[in-house]
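Please open the model in your viewer and keep the selection tool at hand. The tour below goes from stop to stop, saying at each one what to select and what is found there.

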Amino acid sequence: MIIKYFIVAALTATILSSCSGDMSSNDTVSSTAANPKVDKSVSSADVTTNAIQVGKDYHSFANPESIKVTHLNLDLTVDFAKKVLVGTAELDFQKVDPNATQLILDTRDLTINSVTAMGKEVHFDLGNGDSFLGAALTIEVPAAADSVLISYQTSPKASGVQWLTPEQTAGKKHPFLFTQAQAIHARSFIPLQDSPQVRMTYDATIRTTKELLAVMSASNDPDTERDGVYAFSMPQPIPSYLIALAVGDLHFKSMGERTGVYSEQGILDAAAAEFADTESMLIATEKAFGPYSWDRYDLLILPPSFPFGGMENPRLSFITPTVIAGDKSLVSLIAHELAHSWSGNTVTNATWRDLWLNEGFTTYLTYRIMQMVYGDERFEMEAVLGRQDLQADIDALPAKDQIMAIDLRGRDPDDVFSNIPYEKGALFLRELEHKVGRENFDQFLLGYFETFAFKSITTDQFVSYLEQTLLKEHSDQLSKQRIEQWIYQPGIPEDAPVPESDAFSIVDQARDAWLAGSIQADEISSEKWVVHQWLYFLNNMPEKLSQEQLADLDKVFALTNSKNNEIAHSWLLISVNNWYQPAFTRLHDYLTSIGRNKLVKPLYKALSQTPEGKVMAKKAFDEAKAGYHPLTVKANEGFVQ
Ligand code: BES
Ligand code: ZN
């Protein structure tokens, strides 16, 4: 082990120096425009005209290769009446190019009031704006300046902020606000270099009314005085997509020495009970994959309009309330967001093309955490369900979107969300694990997290690291060609690992017998089935079922009334696809009370396939729209037009 560490340390020096860019002054590791590398999936004929520049962030206007922001100091007042954040962002920067005179930032729908440097107003230009990239803010910086102070305000329609009225919260008394920056929405609430290859530390002062509490992806003091002025600091350099803020009538409950939960009072106890294993997850992950670098790990439970399951904002993951099932059945989401503290927040994707480095590693770690904390059976069931989700996407997506290192040029990252970076990434890592053995693979992961800690890296850099470590040590088991097939080709390579679960065999038998008509639903011995078995039972039904079959299932298992949001989702999808009307009141309630896109989008999509379905979709969407997050509106409005 000591020897391995030594090798890793020695390699670090060579790998880091072989990655172009100014390493002495930059915490990011990326190929820059000065040293473009060419993507492997592009044929040589394309290279001159159409090659992807590896490491180039096609989703930012910023110029970190000339001037790089290193620290942000925010001072914002939250105006719930106008739905705006107003204040200043002070950006400290370093000149990578000593002759650089312009600092280019990303913005989206921001009003810039003034920019000053060294106490004097300086000239700035706000570009015209692009449909999804926003507008470049170009600031003329005086030669001696090392920071600028921008006075600005956000728009009520900022894509990264959701403003909820008191009626849209659980407590009904106070308004609520939360941000969601990933992938490119930080620019809609802060003018900054909105690229994952720019890391900065930050401080913030947030001013609101004294009834409300503000929390951020930074140091949060659970015992802070509720006085309406809250100070934060994030001393570790993070990319902009991890800056996050929430303000509301929030309360705190401790779950362990380093873990706790923030939420509205009404769900605080239920949340703390549901996620009581967070501390054990943290301890298990540290033991296997190295120290947790972020001090505390708290959860913030958001209102149901939160558009994602979770978001790994450092020190404070943002979590949908839809996973509070009462039986811990959906807590792999917590394992996932926690795992990002290593893969994503400590080692970060350099561009959105490299998202699989964040999500694939995290999905792999999630399975491992679930196995450590809940055992083999749970792990196996989750792995099978994940593999099935992956297959559904492989069957549905065009070949170019099945590639892990995806070409996102000209595309809005929000439109390209799929299981590919998650489950294909995880399956690839599982194959590496199986080939070299778990112990060796864990050593590799430890070295990887250590080597690239607090750096942003590209897929190419990962591959060269792999070549110099695992591939070299296990050349009998691994080949570069196979690795490149996983990363740069569509589909799943032949002979990839096949997750299996004994707990699902009995479910297959029951489903088969019921479908064949040899047993009725009430003859299925499902008393001991867990949520995962129900999901597997439902997700593998044939596309068409008769009304009698649906009624039989519903009568015996009360699926329309399932309190588990994942089971309800699967059942409602089946109901739409088979026009099972007894489920439609629940369907309407579901669509109008949940804004998590993964749960509502497939339902809207299925409804949009028929004229009658579209009418129902439109009715639900029109009713729910005011309470949906901008991202959920954007993802679903096309289905109801
Ligand atoms: N970081 C992601 C959410 C994300 C990804 C937002 C890309 C914007 C762009 C988060 O960690 C995540 O993966 N959430 C999943 C959780 C699930 C896979 C357990 C979600 O929200 O469904
Ligand atoms: Zn994730």
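Begin by selecting ligand 1 together with H340, where a polar side-chain atom of H340 lies 2.9 Å from an oxygen atom of the ligand. This is a predicted model, and each distance on the tour is to be read in that light. Add E359 to the selection, and you will find an N or O atom of its side chain 3.0 Å from a nitrogen atom of ligand 1. Then add Q182, whose side chain places an N or O atom 2.6 Å from a nitrogen atom of ligand 1. The protein covers 87% of the 510 Å² of accessible area that ligand 1 has on its own.

Now widen the selection to the residues around ligand 1, which number 15, and of which Q182, G309, E312, E337 and Y422 come nearest. Sorted by class, this shell holds 5 nonpolar, 6 polar and 4 charged residues. Which element gives the most to the shell around ligand 1? It is helix α5, with 3 residues, and the elements that give two or more residues are β18 (310-311) and α5.

Next, select the zinc ion, which is ligand 2, and show its donors: H336 and H340 each coordinate the ion through NE2, and E359 does so through OE, at 2.0 to 2.1 Å. Along the sequence these donor residues follow the spacing H-x3-H-x18-E. Because H336 lies in helix α5 (residues 332-339) and E359 in helix α6 (residues 355-374), the pair ties together parts that are 23 residues apart in sequence. Are these two donors buried or exposed? H336 has a relative accessibility of 11% and so counts as buried, while E359 is likewise buried, with a relative accessible area of 2%.

Return to Q182 and follow the chain one step forward, where the peptide bond from Q182 to A183 is cis, with omega near 0 degrees. Most peptide bonds are trans. A183 itself is found in the loop between β10 and β11 (199-207).

From that loop, go back to strand β10 (residues 176-179), which runs antiparallel to β14 and is joined to it by 2 bridges; here F178 stands opposite A246 in β14. Strand β14 also pairs with β12 (residues 213-216), in the antiparallel sense and over 4 bridges, and on this side A214 stands opposite V247. Now show the side chains of β14 (residues 245-248): L245 and V247 point one way, A246 and G248 point the other way, and all are buried. In a regular strand the side chains alternate between the two faces of the sheet.

The next selection is an open sheet of 5 strands in the order β15-β16-β17-β19-β18, with mixed pairing. At the edges stand β15 (251-254) and β18, each with a single partner strand, so one side of each is left without a neighbour in the sheet. Start at β15, which a hairpin joins to β16 through 4 residues; β15 and β16 (residues 259-263) pair in the antiparallel sense over 4 bridges, and S254 stands opposite G260 in β16. Then cross to β18, which pairs with β19 (residues 316-319) in the antiparallel sense over 2 bridges, with F318 in β19 as the bridge partner of M311.

For a look at the backbone, select D295 in the loop between α4 (278-289) and β17 (297-301). Its phi is near 70 degrees, a positive value in a residue other than glycine. Another stop of this kind is D495, in the loop between α12 (480-488) and α13 (502-515), where phi is positive at about 65 degrees. Most residues other than glycine have a negative phi. With a relative accessibility of 70%, D495 counts as exposed.

Helix α10 (residues 459-468) comes next, and since 7 of its 10 residues are buried, it is largely enclosed by the rest of the structure. To see the buried residues of α10, show T459, D460, Q461, F462, V463, Y465 and L466.

The last stop is F584, which lies in helix α17 (residues 584-593) and counts as buried at 11% relative accessibility. Select V69 along with F584: the two are 515 residues apart in sequence and 52 Å apart in space, C-alpha to C-alpha.

Terms used
Residues are numbered from 1 along each chain as its sequence is written. Chains are lettered from A and ligands numbered from 1 in the order in which they are written. This is a predicted model: local features need pLDDT of at least 70, side-chain atom pairs count only at pLDDT 80 or more; totals for chains, interfaces and linings use all residues. Side-chain values use heavy atoms; hydrogens and water are left out. Donors are N, O and S atoms within 2.8 Å of the metal (3.2 Å for Na, K and Ca); water is not among the atoms, so sites may look incomplete. Buried means under 20% relative accessible area, exposed over 50%, partly exposed in between (1.4 Å probe, protein chains only). Two strands pair if DSSP finds at least two bridges between them. A residue is near a molecule or strand if one of its heavy atoms lies within 4 Å of it. A polar contact is a pair of N or O atoms within 3.5 Å; within protein, one must be able to donate a hydrogen and the other to accept it, and residues adjacent in sequence count only if both atoms are side-chain atoms. Accessible areas come from the Shrake-Rupley method with a 1.4 Å probe; for residues, only the protein chains shown count as cover. Ala, Val, Leu, Ile, Met, Phe, Trp, Tyr, Cys and Pro count as nonpolar, Asp, Glu, Lys and Arg as charged, and the others, Gly among them, as polar.
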